[in-house]
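Biologist: I should like to go through this model term by term. Please set each value against the criterion behind it.

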Amino acid sequence: MAEKNKRDGGTLSSSVSRRTFLKTLGGGAAAAAIPGAALAAPIRRARGDEARVLGPGKAKFVLEVNGQKKEVEAEPRLTLLDVLRNHLDLTGAKNICDMGECGGCTVLIDDVPLYSCLTLALDARGRKITTVEGLETDRLNPTQMAFVKHDAFQCGFCTPGWIMSVEALRRKGGQPDDETIREALTGNLCRCSAYPKILEAARAVAGKGGGDAKKHY
Ligand code: FES
Ligand code: FES
């Protein structure tokens, strides 16, 4: 190695250890990187897209639930289901499996049915969240009415989740056939096996609410 260094013009002294060389190189790289980063931060700030780090403690944020803005102070690790039930007193969405298997926690986010037990509350910021409590105004909404009319429940524990999945189907509009309806409801389970009646209720309203999704508040 020493011989090679001499032939290269002696720029790397044989007395310089590999460790010293790497440290020198690393310091140079860091020195080059710092001004770049220092320049980048103000640019990101000016553009307003600098990532904000929230948590691990409580953070304040706003959710739009059933047409109302709600300020929440909660740990960023919490699911939407936790925040709805334990911070906003909206207990319609049920915590049954807490792992995305039963659909009891289903809510609508921008009219799409999602498991609130698998959704971080923070990720629902800026989106329209609808829970089963948001369907009823002065009277039951058509999906709720269909469940009553068709006797589509037994113990009722799973019912809010089913209603939200059927409500999404109702709001979507169109003329869903039986296969489409069944497919849309595959994310919900009923331990009482009220499936035939639930299907009847779903058939009665599926596709009938196209375009009036925002009129429920
Ligand atoms: S509680 Fe969310 S899917 Fe079961
Ligand atoms: S009605 Fe009892 S679990 Fe569905």
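Biologist: Which residues of helix α3 (residues 80-87) are buried?

Modeller: Leu80, Leu81, Val83 and Leu84 are buried in α3. The coordinates come from a predicted model. The elements that these buried residues of α3 pack against are β1 (59-65), β2 (68-74), β3 and β5 (128-130). Just after the helix, Asp89 takes a positive phi of about 60 degrees.

Biologist: How confident is the predictor in the protein, and where does pLDDT stay under 50?

Modeller: The mean pLDDT is 83, and 73% of the residues reach 70 or more. pLDDT stays under 50 over residues 1-16, for which the model has eight contacts beyond four places in sequence. It also stays under 50 over residues 213-217, with 16 such contacts.

Biologist: What is the secondary structure of the protein, and in which pattern does it run along the sequence?

Modeller: There are seven helices and five strands. Read along the sequence, the pattern is α-α-β-β-α-β-β-β-α-α-α-α. Buried residues make up 37% of the 217 residues. Among contacts between residues at least 6 apart in sequence, 56% join residues at least 24 apart.

Biologist: Why are β1 and β2 said to pair?

Modeller: Pairing requires at least two bridges between the strands. β1 and β2 have seven bridges, in the antiparallel sense, so the criterion is met. One of the bridges places Glu64 opposite its partner in β2, Lys69. The two strands form a hairpin with two residues between them, and Asn66 in the turn has a positive phi of about 50 degrees.

Biologist: What makes β1 and β5 a pair, and in which sense do they run?

Modeller: The threshold is at least two bridges. β1 and β5 have two bridges, in the parallel sense, and therefore count as paired. Val65 stands opposite Ile129 in β5. As for cover, β1 is mostly covered, with five of its seven residues buried.

Biologist: What joins β3 (residues 106-109) to β4 (residues 112-115)?

Modeller: Four bridges join β3 to β4, and the strands run antiparallel. Because at least two bridges are required, these strands pair as well. Ile109 stands opposite Val112 in β4. Two residues lie between the strands of this hairpin, and Asp110 in the turn has a positive phi of about 50 degrees.

Biologist: How do you know that the buried residues of helix α4 (residues 142-149) lie on the same side?

Modeller: The buried residues of α4 are Thr143, Gln144, Ala146 and Phe147. They cover an arc of only 160 degrees around the axis, which puts them on the same side of α4. An α-helix has 3.6 residues a turn, so residues three or four places apart point the same way. What covers the buried residues of α4 includes α5 (159-172) and α7 (195-205).

Biologist: What is found at the start of α4, and what follows the helix?

Modeller: At the start of α4, a side-chain oxygen of Asn141 reaches to within 3.1 Å of the backbone nitrogen of Thr143. α4 is followed by Asp151, whose phi is positive, near 55 degrees.

Biologist: Why is Arg170 called buried?

Modeller: Arg170 is found in helix α5. Its relative accessible area is 3%, and the cut-off for buried is under 20%. Arg170 is therefore buried.

Biologist: What makes the link between the side chains of Arg170 and Thr143 a polar contact?

Modeller: The distance is 3.4 Å, and the cut-off is within 3.5 Å for a pair of N or O atoms. The pair therefore satisfies the distance part of the criterion. Thr143 is also one of the buried residues of α4.

Biologist: Why does Leu169 count as buried, and which residues does Leu169 touch?

Modeller: Leu169 lies in helix α5. At 6% relative accessibility, set against a limit of under 20%, Leu169 counts as buried. Not counting residues up to four places away in sequence, Leu169 touches Ile181, Ala184, Ala206 and Gly207. The C-alpha atoms of Leu169 and Gly209, which are 40 residues apart along the chain, are separated by 8.3 Å.

Definitions and conventions. Residues are numbered from 1 along each chain as its sequence is written. Chains are lettered from A and ligands numbered from 1 in the order in which they are written. This is a predicted model: local features need pLDDT of at least 70, side-chain atom pairs count only at pLDDT 80 or more; totals for chains, interfaces and linings use all residues. Side-chain values use heavy atoms; hydrogens and water are left out. Buried means under 20% relative accessible area, exposed over 50%, partly exposed in between (1.4 Å probe, protein chains only). The arc is that of the directions from the helix axis to the C-beta atoms. Contact means heavy atoms within 4.5 Å. A polar contact is a pair of N or O atoms within 3.5 Å; within protein, one must be able to donate a hydrogen and the other to accept it, and residues adjacent in sequence count only if both atoms are side-chain atoms. pLDDT is the predictor's confidence in each residue, from 0 to 100.
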